[in-house]
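User: I've got a model open and would like a close look at one part of it, with some context from the rest of the chain. Could you walk me through it?

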Amino acid sequence: DIRAELFGREHPDYAVSLNNLASVYEAEHKYDEAEPLLRHAGTVLADTYGPLTRRGCSANVLLARTLAAMGHDVEASEILEAAFEAGPEAISEGMY
């Protein structure tokens, strides 16, 4: 990926790109492809902006939705509970 080469895998711009690609996969019901991208994006964005910020938890909200679609309801609930601490804005951002 060009952004990975340009910025590095831990750069927030790269994480946003992963999040966007994962959104496409999620919309196409390709959950197995979306999950690892969302996990990495969520980690980078939370580390960069803070785990309780809108940017920090938006990828994790999409991850929770993806996990729920895969039948991993317990993990999805745990992620959403953590996102809830950031406030309703953060949750609604990822639940479009």
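Which residues of helix 3 are buried?

Analyst: Sure. Keep in mind that this is a predicted model. The buried residues of helix 3 are Tyr31, Ala34, Glu35, Leu37, Leu38, His40, Ala41, Gly42, Val44, Leu45 and Ala46. So that list includes Glu35 and His40 alongside leucines such as Leu37, Leu38 and Leu45, with "buried" here meaning under 20% relative accessible area.

What do they sit against? The buried residues of helix 3 pack against two partners, helix 2 (12-27) and helix 4 (54-69).

Now the geometry. Helix 3 covers residues 31-49, which is 19 residues, so at 1.5 Å a residue you'd expect a span of 27 Å; the end C-alpha atoms are 25 Å apart, and that agrees. Just after helix 3 comes glycine 50, with a positive phi of about 105 degrees.

Helix 2 makes a nice companion to look at. Its 16 residues should span 22 Å at 1.5 Å a residue, and its end C-alpha atoms are 22 Å apart, so expectation and model agree there too. On the buried side, helix 2 contributes Pro12, Tyr14, Ala15, Ser17, Leu18, Asn19, Ala22, Ser23, Tyr25 and Glu26. These buried residues pack against helix 1, helix 3 and helix 4, so the contact with helix 3 shows up from this side as well, counting heavy atoms within 4.5 Å. Following helix 2 you'll find histidine 29, and its phi is positive, near 65 degrees.

Helix 1 (residues 2-7) holds leucine 6. Leucine 6 has 61% relative accessibility, which is why it counts as exposed. Together with Ile2 and Phe7, Leu6 forms a nonpolar patch on the surface, and the three have about 340 Å² of accessible area together.

Zooming out, the chain has 6 helices and 0 strands, so along the sequence the pattern reads α-α-α-α-α-α. Of its 96 residues, 44% count as buried. Among contacts with a separation of 6 or more, 54% are between residues 24 or more positions apart. As for the outside, the chain exposes about 5,500 Å², with carbon and sulfur atoms supplying 54% of that area.

Methods:
Residues numbered from 1 in each chain as written. Predicted model: local features only at pLDDT ≥ 70, side-chain atom pairs only at ≥ 80, totals over all residues. Heavy atoms only, no water. Helix = DSSP H or I, 4+ residues; strand = E, 2+ residues; numbered from the N terminus. Expected span 1.5 Å × (residues − 1). Buried < 20%, exposed > 50% of the residue type's maximum accessible area, 1.4 Å probe, protein only. Patch = residues over 30% accessible without salt bridge, like charges linked within 9 Å, V, L, I, M, F, W, Y side chains within 5 Å. Areas by Shrake-Rupley, 256 points an atom, 1.4 Å probe, with all protein chains shown as cover. Salt bridge = Lys/Arg side-chain N within 4 Å of Asp/Glu carboxyl O.
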